[in-house]
Amino acid sequence: MVDVHLKNVFKQFRTMGTEITVLNNITLDVAGGELFFLLGPSGCGKTTCLRVIAGLTQQDSGNLYFGNRLMNTIPPHKRNTGMVFQNYALWPHMTVYQNVEYGLNVRKLPAHLKEEKVRKALKITRMTEFADKLPNQLSGGEQQRIALARALVIEPDLLLLDEPLSNLDAKLRLELREEIKRIHREVGVTSIYVTHDQKEALSLADRMAVMRDGTIEQIGAPREIYNCPANKFVAGFIGDANFIEGVFYKSKDRGETIMKTAMGDICSSRPNKDFIEGETVMCVVRPEAVKISDVEEHVGAGLKPAPTDRPNQFVAKLINLTYLGDSAELELNVEDKLPLKVKLLGSKWLIPDKPFIISFAKEDVILLKQ
């Protein structure tokens, strides 16, 4: 298992006479055996970064290492990397077996060894029974499994995946996610996976780098990045978020902080990051962290709007509801002043314009610098 290190990797492309920086001094360390994700919006540089690692794109400056070995001038075919592309890239005139075998033919391995390795790769990807079929006889998910088997059959030091699930429908993406997790756990090869899909990254990654405009905004485990985003961009890109501007004006004895906002005072038990009294801060509250209390009671009998001394508790009204079966996405008006997004599990229903109580825990209020 090889570890990968990028040190101040810089890359520009020239487009219509203009230099566009796509990688701006990227520094990154991927541990051996890790399933590492490069996550970000289109055009952020994640695929270019993957191509630099594969040797398909040459960086303008900076260094790339596999372990302690400098790879800057090593051609792609000598890097022993397996790559899985978004569009499968299977030979249409070859059977599944022949497609998987192709990389071994290039390496001129003896016939008995090739057969052993192909059978093993097909078994790992659970495609043994499809060995004699042509790609056009397979579903999209099956074709992607063959692309994965073809990458694994050469026993790569490094597996590179460039948005491998983006051409699949939602159900197939979910199934293939679980397969990729299983295969990585079974094979243990160091893997770098490019995607713009936050759910893929959150559900699969050991660690991830969130990218924007050729730079890395934050590196960490999925739970760490989701719960402790480094800035507003990361908080908004990794999952959904409510952003509430407030003024830091008081520290409690227990280390809690109070922010004065348009909807009222918001209390957080998170570390205050050395905010200064009177400084404008951003409060982040995830939609699933918002609770709706006594829905039936308040909707059925009518809420008597009255101030409460409980922290982070407010009066709200329903503006819009999107039903999703096992859950619903709500848009609320809080205290007749601010919109708020809520994800509500279950099938409870709310009546528009009827007031009710919402609340969220102090530990669920994330504080960010403006």
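Q: Which element gives the most to the lining of the second largest cavity?
A: That is α4, with three residues. A cavity is a set of points, on a 1 Å grid over the protein atoms alone, where a 1.4 Å probe fits but cannot get out, and its lining residues have an atom within 4 Å of a point. Names such as α4 refer to DSSP runs numbered from the N terminus (helices: H or I, at least four residues; strands: E, at least two).

Q: What sort of model is this?
A: It is a predicted model, in which local features need pLDDT of at least 70 and side-chain atom pairs count only at pLDDT 80 or more, while totals for chains, interfaces and linings use all residues. Residues are numbered from 1 along each chain as its sequence is written, and side-chain values use heavy atoms, with hydrogens and water left out.

Q: OK, back to that cavity. Which residues line the second largest cavity?
A: Val84, Gln144, Arg145, Leu148, Leu161, Pro164, Leu176 and Ile180. Six of the lining residues are nonpolar, one is polar and one is charged. Here Ala, Val, Leu, Ile, Met, Phe, Trp, Tyr, Cys and Pro count as nonpolar, Asp, Glu, Lys and Arg as charged, and the others, Gly among them, as polar.

Q: How much space lies in the second largest cavity?
A: About 40 Å³. The volume is the space filled by probe spheres set on the grid points, which are joined across faces, edges and corners.

Q: And how many cavities of 30 Å³ or more are there?
A: Two. The largest cavity holds about 70 Å³.

Q: What lines the largest cavity?
A: Its lining includes Leu35, Leu148, Leu152, Ile180, His184 and Ser191. α5 gives the most, with four residues. Nine of the residues in this lining are nonpolar and two are polar, with no charged ones.

Q: Arg145 lines the second largest cavity. What does Arg145 form a salt bridge with?
A: Glu179, with the closest N and O atoms 3.4 Å apart. The two sit in helix α4 (residues 140–152) and helix α5 (residues 170–187), 34 residues apart. Salt bridges with shared partners join Arg126, Arg145, Glu179, Arg182 and Glu186 into one network. A salt bridge means a side-chain nitrogen of Lys or Arg within 4 Å of a carboxyl oxygen of Asp or Glu.

Q: Are Arg145 and Glu179 buried or exposed?
A: Both are buried. The cut-offs are under 20% relative accessible area for buried, over 50% for exposed, and partly exposed in between (1.4 Å probe, protein chains only).

Q: How many salt bridges in the whole structure?
A: 15. One of them joins Glu34 and Arg207, whose closest N and O atoms are 2.5 Å apart. Glu34 is in the loop between β2 (18–30) and β3 (35–39) and Arg207 is in strand β9 (residues 207–212), so this pair ties together parts 173 residues apart in sequence.

Q: How buried or exposed is each end, Glu34 and Arg207?
A: Glu34 counts as buried, at 8% relative accessibility. Arg207 is partly exposed at 25%.

Q: Switching to the surface: which residues make the nonpolar patch?
A: Trp91, Tyr102 and Val106, over about 280 Å². Such a patch takes nonpolar side chains (Val, Leu, Ile, Met, Phe, Trp, Tyr) joined within 5 Å, from residues with over 30% relative accessible area and no salt bridge. Areas come from the Shrake-Rupley method with a 1.4 Å probe.

Q: Where is Val106?
A: Val106 is in helix α2, and it is exposed, with a relative accessible area of 52%.

Note on methods
1 Å grid on protein atoms, 1.4 Å probe; cavity = no way out; pocket = protein on both sides within 12 Å on 5 of 7 lines; lining within 4 Å. Patch = residues over 30% accessible without salt bridge, like charges linked within 9 Å, V, L, I, M, F, W, Y side chains within 5 Å.
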